[in-house]
Amino acid sequence: MSKYWFTTFHSEYDALVFERVMRENGVPVKLLPVPRQLSSSCGIAARYSAELHEKVVAACKNHNLQYDGYHYLN
């Protein structure tokens, strides 16, 4: 079974900026609705492979990206 990290956001705009920056940094992410295990509210999350988490965190810091949180699911 695959293991994934999810990044959640306060706004759709933040999710789209995150997706663009990750693409520019060679990190494949997929935007999708927030999984029910993380929140019962509507919203967008970015899913990516667990092996890429450190690279995502570094890119978020380097580009001062806005996000709600990081969440691990397997």
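Modeller: Let me start with the vocabulary: helices (H or I, at least four residues) and strands (E, at least two) are DSSP runs, numbered from the N terminus. The structure above is a predicted model, in which local features need pLDDT of at least 70 and side-chain atom pairs count only at pLDDT 80 or more, while totals for chains, interfaces and linings use all residues. Residues are numbered from 1 along each chain as its sequence is written, and side-chain values use heavy atoms, with hydrogens and water left out.

Biologist: How many helices and strands does the protein chain have, and what pattern does the chain follow along the sequence?

Modeller: The protein chain has two helices and four strands, and from start to end of the sequence they come in the pattern β-α-β-β-α-β. Along its principal axes the C-alpha trace spans about 30 × 30 × 15 Å. The radius of gyration is taken over C-alpha atoms, and the globule rule is 2.2 Å times the number of residues to the power 0.38. For 74 residues a compact globule would come out near 11 Å, and the protein chain, at 11 Å, agrees with that.

Biologist: What share of the 74 residues in the protein chain is buried?

Modeller: Buried means under 20% relative accessible area, exposed over 50%, and partly exposed in between (1.4 Å probe, protein chains only). By that rule, buried residues make up 32% of the 74 residues in the protein chain.

Biologist: Which residues of α1 are buried, and which are exposed?

Modeller: A general point helps first: an α-helix has 3.6 residues a turn, so residues three or four places apart point the same way. Here, α1 covers residues 12-24, and its 13 residues reach 19 Å from the first C-alpha to the last, close to the 18 Å expected at 1.5 Å a residue, where the expected span is 1.5 Å times one less than the number of residues. The buried residues of α1 are D14, A15, V17, F18, V21 and M22. Seen down the axis of α1, these buried residues fall within an arc of 165°, so they line one face of the helix; the arc is that of the directions from the helix axis to the C-beta atoms. On the other side of α1, E12, Y13, R23 and E24 are exposed.

Biologist: Which elements do the buried residues of α1 pack against?

Modeller: Contact means heavy atoms within 4.5 Å, and the buried residues of α1 pack against β1 (4-8), β2 (30-33), β3 (44-49) and α2 (53-62).

Biologist: Which residues are buried in α2, and what covers them?

Modeller: In α2 the buried residues are H53, V56, A59 and C60. They cover an arc of only 125° around the axis, which puts them on the same side of α2, whereas E54, K61 and N62 are exposed on the other side. The cover over the buried residues of α2 includes β1, α1, β3 and β4 (69-73).

Biologist: Which residues touch the most other members of the largest nonpolar core?

Modeller: In soluble globular proteins, nonpolar side chains tend to be buried together. A nonpolar core is a set of buried Ala, Val, Leu, Ile, Met, Phe, Trp, Tyr and Cys residues joined through side-chain atoms within 4.5 Å. The largest one here has 14 residues, of which F18, M22, V29, V56, C60 and L65 touch the most other members. The elements that give two or more residues to this core are α1, β3 and α2, and α1 gives the most, with five residues. Not counting residues up to four places away in sequence, L65 touches V17, F18, V21, M22, A59 and C60.

Biologist: Where does V27 lie, and why does V27 count as buried?

Modeller: V27 lies in the loop between α1 and β2, and V27 counts as buried because its relative accessibility is 3%. Leaving out residues up to four places away in sequence, V27 touches M22, L52, K55 and V56.

Biologist: What is the phi of N64, and is N64 buried or exposed?

Modeller: Most residues other than glycine have a negative phi, and most peptide bonds are trans. N64, in the loop between α2 and β4, has a phi near 50°, a positive value in a residue other than glycine. N64 is exposed, with a relative accessible area of 59%. Just after α1, G26 also takes a positive phi, of about 70°.
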